[in-house]
Amino acid sequence: MTFDAFADFRMNGHNVIITGGAQNIGAGIARTLSGAGAKVMIADLNGDMARDTAAAIQKLTGNDCRGITCDVTSLDDIDAVVEQAVKAFGGISTLVNNVGWGGRHEDPMAVTEEAFIASYKLNTISAYRMSMACLPHLLKAKNATITNSGSMSSAAPAYDILAYGTAKAALNQMMVSVAHMLAKKVRVNNVLIGTVMTAGYADAGIDPEMQERLSHPDNLTGRPGAPEDVANAMLWLCSPASAWVSGQTINVHGGGNVVRLFGK
Ligand SMILES: NC(=O)c1ccc[n+]([C@@H]2O[C@H](COP(=O)([O-])OP(=O)(O)OC[C@H]3O[C@@H](n4cnc5c(N)ncnc54)[C@H](O)[C@@H]3O)[C@@H](O)[C@H]2O)c1
């Protein structure tokens, strides 16, 4: 018999809920986890897109992949997703809290209380509520994990996206605390994502010149990220391959910008 170095990366027998998985980074993560053998439920505000994406993934991987409408800021919707996932798959082993976003502030000196609260509800509190709703099922599963789509903007000054950056910073802190709360039961990790250029940037009012600057062409890899870059890190953190890793916040951002002391 030959040694299979990929065995620990396989997700067969795992049942995943991923939030915001209808498009872009979340869809990439859903496809990778499904391709690794997991059953995947994509929970997204855009239920039609979630179902279409899930059907396309299932066609590609041959593994059970479903989409369901869910607003992660609604407790009723969260409970319904958990119920449907358990009904469909028989349990939940893996939660990926991928939902998140935030627009640019026209005036960073006048960010409203409502903007802060909305951002915290979407980016931070939803991940806590999803985690607690899944917990009774995670506690029964082997290799139970919660992994979060964090952002580099949680760890760098970013005053023009203050409500988003601070909500993502709170997500990091919260989820490291949750890792300690669930020690020896559920592994919890954060992926701090760098720029993966999506249509969302234009929707958030970021012009092409700014998008180019945000793409960090001068990072250590010389290119912006792709959903697959994030998905591969997520696969490691969700699979038994990372069984000795919990409570960590890991950068997936092209390595950060090149620093040269003496010019080019
Ligand atoms: N794209 C980037 O460069 C980047 C950088 C750092 C971090 N991130 C983080 O990665 C994650 C995914 O980013 P993306 O660029 O793929 O986002 P996206 O906006 O392209 O997709 C987000 C998905 O979430 C869904 N969604 C929005 N609100 C929801 C709600 N209330 N309930 C359920 N679903 C909802 C949307 O329908 C969409 O399908 C986010 O947490 C984001 O903050 C992205």
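Let's start with helix α1, which is mostly covered: 10 of its 12 residues are buried. Keep in mind that what you're looking at is a predicted model. From α1 we'll go to the ligand, and then to strand β5 with the strands and helices around it.

**Helix α1**

- The buried residues of α1 are Ile25, Gly26, Ala27, Gly28, Ile29, Ala30, Arg31, Thr32, Leu33 and Ser34.
- From its first C-alpha to its last, α1 reaches 16 Å, close to the 16 Å expected at 1.5 Å a residue.
- Just after α1 comes glycine 37, and its phi is positive, near 115°.

**Around the ligand**

- Which residues come nearest to the ligand? Out of the 26 residues around it, they are Gly20, Asn24, Ile25, Gly100 and Ser151.
- Two elements, α1 (24-35) and β5, each give two or more residues to this shell.
- The largest share comes from α1, with three residues.
- Sort the shell by residue type and you get 10 nonpolar, 14 polar and two charged.

**Strand β5, wrapped up**

- Strand β5 covers residues 145-151, and seven of the seven are buried, so the strand is largely enclosed by the rest of the structure.
- Here's a handy bit of background: in a regular strand, side chains alternate between the two faces of the sheet.
- On one side of β5 sit Thr145, Thr147, Ser149 and Ser151, and on the other Ile146, Asn148 and Gly150; all of them are buried, so both faces are covered.
- Ser151 turns up twice in this story: it is buried in β5, and it is also one of the residues that come nearest to the ligand.

**β5 and its partner strands**

- Strand β4 (residues 94-97) runs parallel to β5, and four bridges join the two.
- Want a spot to look at? Threonine 94 stands opposite threonine 145 of β5.
- Strand β6 (residues 187-193) also pairs with β5 in the parallel sense, over seven bridges.
- Where does threonine 147 find its bridge partner in β6? At asparagine 189.

**The helices in between**

- Helix α4 (residues 113-138) joins with β4 and β5 to make a right-handed β-α-β unit.
- Helix α5 (residues 162-181) makes a right-handed β-α-β unit with β5 and β6.
- With 26 residues, α4 reaches 35 Å from its first C-alpha to its last, close to the 38 Å expected at 1.5 Å a residue.
- Trace α4 to isoleucine 125 and you'll find a bend of about 45°.

Methods: Residues numbered from 1 in each chain as written. Predicted model: local features only at pLDDT ≥ 70, side-chain atom pairs only at ≥ 80, totals over all residues. Buried ≥ 20, exposed ≤ 12 C-beta atoms within 10 Å, placed from the backbone. Pairing = 2+ DSSP bridges. Right-handed = clockwise from strand over helix to strand, strands pointing away. Near = placed C-beta within 6 Å. Nonpolar A, V, L, I, M, F, W, Y, C, P; charged D, E, K, R; others polar. Expected span 1.5 Å × (residues − 1). Bend = angle between axes of the 7 residues up to and from the residue.
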